[in-house]
Structure formats: structure tokens, C-alpha cells
Amino acid sequence: MYSAWRENDPFFWYEELGTWVLTRHEDCTAVLKRLDCFTSDWRRLGEGVPDELVMLQTVDPPEHPPVRRLLTAAYRACDHVALVGRTASRVTALLAGVDGRTADLVDEVALPLTVGTICDLLGVDPPDLALLRRVSPPVIDTMDAGLRPEVIPAGLAARAELDEMIERWMSDHRPGGMFAYVSQKLDALGADRRLVMNSLRSTFHAGFESSARLLSLALLAFTDNPGVLPKFTGNPESAVQEVVRYTSQVQVLARGCLTDTEVGGHKVRGGDGVTLIIGAANRDPAVFREPDSLRLGRNPNPHLGFGRGLHACLGAGVASMQARVLFTELAGYAGVRRDGEPVMWDSGTLRGVRALPVTLSRGGDPACATPTDR
Ligand code: HEM
């Protein structure tokens with residue numbers, strides 16, 4: 001569908017949502033970069049935004065830079081070399097726990113790994129996974145609120161549960177993590193406290209959920225494309241970026257147009273919505289040769305999977321590191337075999353796998369051989 005849109009109607013008006021839909025890489029990039037004309041802050045277009053949803057991703061300058069600077073400084077202040085080491089230990093332990101049997105790798109590897117890593121970065125104790133499994137889906141559903149406004153109340157209630165946790169972590173944290181930094185600097189910064197707290201909540205949520213979706217979609221792609229995973233170690237840095245491009249967990253980004261302008265030869269009026277189909281832009285043949293192939297050595301790879309411009313992903317480095325550590329270790333496994341159909345999340349904005357039964361074998365058990373070996 002995306003390629004049909006891109007080829008036949010790459011810039012169309014979708015009346016039901018009151019938005020333009022863009023599928024070309026060039027057009028999506030232009031919108032993300034043109035801060036004079038396009039906003040992430042729907043309040044500037046006269047729309048009501050609940051207080052809970054006013055956060056880094058949804059504000060423009062002058063509100064955005066101080067909070068972004070604070071979180072970036074907190075992120076950089078962490079010991080990233082030590083974080084890589086602890087992530088590697090976590091990966092080894094989680095994979096050992098499922099070695100030689102069929103397991104749901106989303107539930108038993110991807111989610112615990114990403115929760116462990118983000119909590120490590122934040123400097124807090126990981127919360128109960130059952131709680132996160134319950135509150136995360138309604139938060140994600142809210143990202144599709146344009147299509148399904150009825151999901152908003154449950155999404156706000158789920159955020160309120162996460163907010164309690166974030167508030168607690170402001171005083172209950174370890175030294176050296178992001179919370180230690182933010183709690184120390186927040187008062188001197190003079191930034192809107194609610195904005196910072198909401199941004200910490202979304203950092204925590206993106207930290208485990210967007211990352212888990214990358215890992216689970218990548219696992220699906222590797223079991224769909226036998227023989228690719230063993231090549232991961234050839235150039236892990238570019239391999240991770242290719243996996244982000246190919247799987248595009250963030251399928252859609254939205255912006256509002258502030259003033260009449262033109263993009264890709266199309267007139268866009270102030271007040272119009274603009275929906276960027278990142279999943280389509282990341283498969284645009286004008287930019288990516290053989291876009292539907294998973295080519296781990298792809299270089300250059302200017303994908304939009306982590307966004308672009310002012311709001312580009314703050315955690316791209318840690319998300320990429322974690323994927324690199326997991327798939328480097330998994331590439332050494334003799335067998336990585338899917339044992340059943342994946343169950344996908346039903347979401348327009350954030351794509352992902354809900355359950356993925358896989359049998360892993362570190363040793364050479366032929367029953368677990370990859371399909372190319374069989
Ligand atoms: C594979 C995993 C991830 C993907 C695909 C992803 C993707 C994205 C995208 C596309 C944006 C841009 C949003 C926009 O332009 O409206 C974004 C922003 C953001 N991401 Fe991520 N993300 C991931 C992991 C993370 C992690 C691990 C963290 C935290 C450590 C994080 C924190 C953030 C924050 C705070 C923003 C807002 C930045 C701003 O508005 O200035 N993300 N992410």
C-alpha cells in the first residue's frame with residue numbers, strides 16, 4: 001500500500017483526518033526540518049492539548065531547548081561504557097534463560113532487556129514488568145487518537161500511573177543516572193516542572209517500548225530472512241541502522257502547518273495537518289536502492305526511523321547500542337528458528353510484534369538450525 005501511495009499519489013489529502021499524507025522521503029524530511037512552517041505543538045493551531053501530553057516531543061522553542069538541553073546533559077553525564085558492559089551481561093543472562101527451548105522472545109528477552117537498560121540509564125530500580133505490560137498499550141493507543149479518539153481516557157489514566165513512578169524516582173534513584181542529574185539541576189533551570197516530568201515519563205516509556213519494538217521487529221525480520229543474522233557482526237553499526245530503516249517501528253509522525261507554504265510542489269495551508277508516513281519514506285526507492293531488502297551493509301542510510309531535526313530521538317544512541325549488543329550475541333547462535341506465527345500489535349503509529357515464538361540454540365542442535373542450514 002505504501003509503495004502504491006508513493007508512486008501514484010505521494011501527497012494526498014485525507015479528509016477523514018483533515019491531514020495531508022506524505023510518503024516520499026524528500027517531502028517528509030522537508031517537513032521535519034522546516035520549523036518556521038511546521039509544528040509539533042498543536043496548541044499553536046488553537047487545539048486543546050491535555051496537560052499530561054505537553055512534553056518534549058510536543059513543544060516548540062522557546063519551551064523546547066531548555067528541557068532538551070537538560071535531558072541531553074543528563075544522558076551524556078551517564079557512564080555509557082559501563083552501560084554497554086551491563087547491557088551485555090543482561091543480554092547473556094536473558095539469552096541463557098531461553099537457550100534450547102521455544103520461548104516468546106518479546107516477553108522473555110526484548111521487554112526485560114529494554115526495561116533493564118532504560119532503568120539502568122535512568123538510575124532507578126526496574127518496576128514490575130506486569131505493571132508495564134498493562135499500562136504501556138493504552139499509552140501507545142493514544143498515539144492513534146486521531147483515528148480512535150475514544151482511547152484517550154484510558155491513555156491518560158495509564159500515564160497517571162507512570163507519573164507516580166516518575167515522581168517517586170525524583171527522590172529514589174542511584175547516583176550516576178539521569179534522574180540523579182535532573183533532580184539536582186531542575187530547580188536552578190527554572191523550566192516548567194510538569195513539562196520536565198512528562199518528558200521524563202516519555203523518555204522512560206520510549207526507552208523500553210520503542211526499543212522493544214525495534215528488537216522484536218528485528219527478530220521477526222531475521223527469522224523471515226534466513227542467513228542474514230549471522231552476517232550481523234560484519235559491521236554492527238550499519239547493521240543496526242539498516243534494521244531500524246527496514247522495520248520502521250515509528251510508522252508515522254504528525255505535524256501541523258503554521259502558515260501557508262509549499263512542500264514538494266504542493267500548497268499546504270496554515271492550520272492543515274501533515275501526516276508523515278515514515279515507514280513509506282524509509283522504503284523510498286529514490287533514496288534507498290532495493291528498499292524492500294534487508295541489506296545490513298547499507299551505507300549511506302539516511303533513514304528517518306529516529307526522526308530528524310529539532311525533535312530527533314534523544315535515545316537513538318542507547319537504542320542502537322542495545323540492539324547491537326543483542327544481535328551480535330545472537331549472531332553467534334547456531335540456531336534461531338521461528339516456531340509459530342508472530343502476533344502483531346494493532347497500532348497505526350508504533351509498529352511492533354506482540355508475541356514471537358522462537359527456538360534458540362547456542363550449540364549445534366540440528367533441530368534448531370536456521371533455515372539456510374537445513
Ligand atoms: C528503537 C527505538 C526508538 C525509536 C525508533 C525512536 C524513535 C523516535 C522518533 C522517530 C522520534 C521523533 C519524534 C518526532 O519527531 O515527533 C523520537 C523522539 C524522542 N525519543 Fe526516541 N526512539 C527510540 C528509542 C528511544 C529511547 C531509548 C529513548 C530514551 C532513552 C528515546 C527518547 C526520545 C525522546 C525524549 C524524544 C523526543 C525528542 C525531542 O522532542 O526533542 N527514544 N524517538
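**Exercise 1. The shell around the ligand**

Which element gives the largest share of the shell around the ligand? Describe the contacts and the composition of this shell in the predicted model.

*Solution.*
Step 1. Begin with the residues: 27 of them surround the ligand, and the closest are His64, Arg68, Arg255, His311 and Cys313.

Step 2. List polar contacts to oxygen atoms of the ligand. A polar side-chain atom of His311 lies 2.6 Å from a ligand oxygen. For Arg255, an N or O atom of the side chain is 2.8 Å from an oxygen atom of the ligand. Leu56 takes part through its backbone, where a polar atom is 3.4 Å from a ligand oxygen.

Step 3. Assign the shell to elements. Two or more residues each come from helix H3 (64-77), helix H5 (105-122), H9, strand S5 (252-257) and H12. The largest share, six residues, belongs to H9.

Step 4. Sort the shell by class: 14 residues are nonpolar, eleven are polar and two are charged.

**Exercise 2. Helix H12**

Compare the expected span of helix H12 with the distance between its end C-alpha atoms, and determine how far the helix is enclosed.

*Solution.*
Step 1. Helix H12 covers residues 316-331, which is 16 residues.

Step 2. The expected span is 1.5 Å times one less than the number of residues. For H12 this gives 22 Å.

Step 3. The end C-alpha atoms of H12 are 22 Å apart, which agrees with the expected span.

Step 4. Of the 16 residues of H12, 13 are buried, so the helix is largely enclosed by the rest of the structure.

**Exercise 3. Nonpolar cores**

Identify the largest nonpolar core, the helix that gives the most to it, and a second core.

*Solution.*
Step 1. The largest nonpolar core holds 84 residues. Those with the most contacts inside it are Leu200, Phe204, Phe222, Phe232, Phe327, Leu330 and Leu360.

Step 2. Helix H9 (residues 193-224) gives the most to this core, namely 15 residues.

Step 3. A second core is separate and has 17 residues, among them Trp20, Phe38, Cys257 and Leu304.

**Exercise 4. Cysteines**

How many disulfides are there? Examine Cys37 and Cys78 as test cases.

*Solution.*
Step 1. The criterion is a pair of cysteine sulfur atoms within 2.5 Å.

Step 2. For Cys37, the nearest cysteine sulfur is that of Cys257, 6.2 Å away, and Cys37 is in no disulfide.

Step 3. For Cys78, the closest cysteine sulfur is in Cys119 at 13 Å, too far for a bond.

Step 4. The count of disulfides is therefore zero under the 2.5 Å criterion.

Step 5. Check burial, for which the limit is under 20% relative accessible area. Cys37, at 6%, counts as buried, and Cys78, at 9%, is buried as well.

**Exercise 5. Three residues in helices**

Are Arg245, Val139 and Glu26 buried or exposed? Add one distance for each residue.

*Solution.*
Step 1. Arg245 lies in helix H10 (residues 236-247). Its relative accessibility is 0%, so Arg245 counts as buried. A polar atom of the Arg245 side chain is 2.8 Å from the backbone oxygen of Asn282.

Step 2. Val139 belongs to helix H6 (residues 129-142). With 4% relative accessibility, Val139 counts as buried. Between Val139 and Arg90, 49 residues apart in sequence, the C-alpha distance is 26 Å.

Step 3. Glu26 is part of helix H2 (residues 25-33). Glu26 has a relative accessible area of 63% and is exposed. Its C-alpha atom is 9.4 Å from that of Val263, although the two residues are 237 residues apart along the chain.

Technical notes
Residues are numbered from 1 along each chain as its sequence is written. This is a predicted model: local features need pLDDT of at least 70, side-chain atom pairs count only at pLDDT 80 or more; totals for chains, interfaces and linings use all residues. Side-chain values use heavy atoms; hydrogens and water are left out. Helices (H or I, at least four residues) and strands (E, at least two) are DSSP runs, numbered from the N terminus. Buried means under 20% relative accessible area, exposed over 50%, partly exposed in between (1.4 Å probe, protein chains only). A nonpolar core is a set of buried Ala, Val, Leu, Ile, Met, Phe, Trp, Tyr and Cys residues joined through side-chain atoms within 4.5 Å. A residue is near a molecule or strand if one of its heavy atoms lies within 4 Å of it. A polar contact is a pair of N or O atoms within 3.5 Å; within protein, one must be able to donate a hydrogen and the other to accept it, and residues adjacent in sequence count only if both atoms are side-chain atoms. Ala, Val, Leu, Ile, Met, Phe, Trp, Tyr, Cys and Pro count as nonpolar, Asp, Glu, Lys and Arg as charged, and the others, Gly among them, as polar.
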